[in-house]
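Here is a friendly tour of one protein chain, taking in a helix and then a pair of domains. Have the viewer open as you read.

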Amino acid sequence: SKTIDHSIGPKSLAAFDRARALIPGGVNSPARAFGAVGGSPLFIDRAQGPYIFDIDGRQFLDFIGSWGPMILGHACPEVVEAVVRAVGRGSSYGAPTEAESELAEQIIDAVPSIERVRLVNSGTEATMSAIRVARGATGRDKVIKFSGNYHGHVDSLLVAAGSAAATLGVPDSPGVTAGAGGDTIVLPYNDPQALADAFAKHDQKIAAVILEPVVGNMGLVIPTSEFLNSLRSLTEQAGTILIFDEVMTGFRLAYGGAQERFGVTPDMTTLGKIVGGGMPLAAYGGRAEIMDQVLPAGKVFQAGTLSGNPVAVAAGSTTLKILKQDSPYESLDRLGDRLAEGLAAAAADAGVPHQVQHVGSMVTLFFNPDPVMNWADADRSDRAAFGKYFWGMIGEGIYMPCSQFESLFFSRTHTEAMIDQTIDAAKKVLASF
Ligand code: PMP
């Protein structure tokens, strides 16, 4: 449509044409292709603080933040300095450094469930490894996951997956064998009865339950306390390992993540995004006796040439140091409330059916008249209305996630005036519906 042609500059259009001939779909990760909203992506030149700049020289207020990591804003000077200092000392050794223990200490200090931690390179590796350790530690095969939750592209978890898998219509990917998915039990989120039934049926065969303790990957969905409590008690009774996938929520909803915020402590936790300060670094950890199953302390194999990479560790460690010293969480909560209220009012004034759900600096405007508690609810949202909203906001200089089934993120560099500017843009866009 015309709107789309006018919204993306000529340099981005040309760059996408070039990339599509070289890289599948022109992108190195599917969510960023803008496919679900019927257009082509902005190609990025640089980013600074709350702003991102495309190669056509236009400036946008960024509510993606690299899909979560950039809580300090882009190109935070202390992080840049730490990275430059580290890379000058050699970019990888494949040998231990003291800086890895420093970051491990920071993670253990922050996250209630973690007594020992392994550093890996992506959230996918973190969840893949956590599942393997849970199976190794319990000697059991089955894993429970929830539809619409996304845990990276691990074969056994790429079943009823959220995020781009849901957005682009492939919740169950070709290439995942019946064998790889066969031990995965998929349940609806926020349904304690379905969980109790699964435990009644499979009893002592369930190695792990993995979930997003606040879901970002089907749009923002909040767990009920009844759901969280039954997760904790059923897994405890069955000797099943409860894994919180806090790749998105860790250091985002509180310094100690969703588990600190909700006061429920799992057995294992996966982290990514913020913990790497914008570099490829993630982590998994848990109680000492579980993590001591990992080679060479134990026998569960998990390894990585670039794991604990000194440049990535410098970015992560500096980011956590700033978050601890200069806690932004109260201010992020206040701005999140303001944004959520403002977006809801804008939609209500325009007579657009909506549901704004948020925790802290994670917010989703669902084009859905009813509360969204699980994937079936999320799936009833009006995708066409979302697309119209997305392109309208791009036209107003606001860069939002390009799918109804994602949460937006903002950083400590977003000011109250910028939040109000975003609400005003939404008023304008929604009023034109
Ligand atoms: N788990 C969750 C909750 C995520 O949101 C993501 C990525 N968005 C992943 C795992 C996978 O992380 P990565 O993309 O770093 O592999």
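## The two faces of α3

Pro77, Glu81, Val84 and Arg85 are the exposed residues on the face of α3 that is turned away from its buried side. Here exposed means that 12 or fewer other C-beta atoms lie within 10 Å of a residue's own, buried means 20 or more, and partly exposed is in between, with C-beta atoms placed from the backbone. Helices (H or I, at least four residues) and strands (E, at least two) are DSSP runs, numbered from the N terminus.

This is a predicted model: local features need pLDDT of at least 70, side-chain atom pairs count only at pLDDT 80 or more, and totals for chains, interfaces and linings use all residues. Residues are numbered from 1 along each chain as its sequence is written.

## The buried side

Within α3 (residues 77-87), Val79, Ala82 and Ala86 are buried. Viewed down the helix axis, these buried residues fall within an arc of 65 degrees, so they line one face of α3; the arc is that of the directions from the axis to the C-beta atoms. Their packing partner is α12 (310-325).

## Two domains

The domain assignment, automatic or from a database, splits the chain into domain 1 (2-71 + 328-431) and domain 2 (77-325). Their centres, taken over C-alpha atoms, are 25 Å apart.

Across the boundary, 31 residues of domain 1 are in contact (C-beta atoms, placed from the backbone, within 7 Å) with 32 residues of domain 2. On the domain 1 side, β11 (355-359), β12 (362-366) and α14 (375-379) each give two or more residues, and β12 gives the most, with four.

Note on methods: Two residues are in contact if their C-beta atoms, placed from the backbone, lie within 7 Å.
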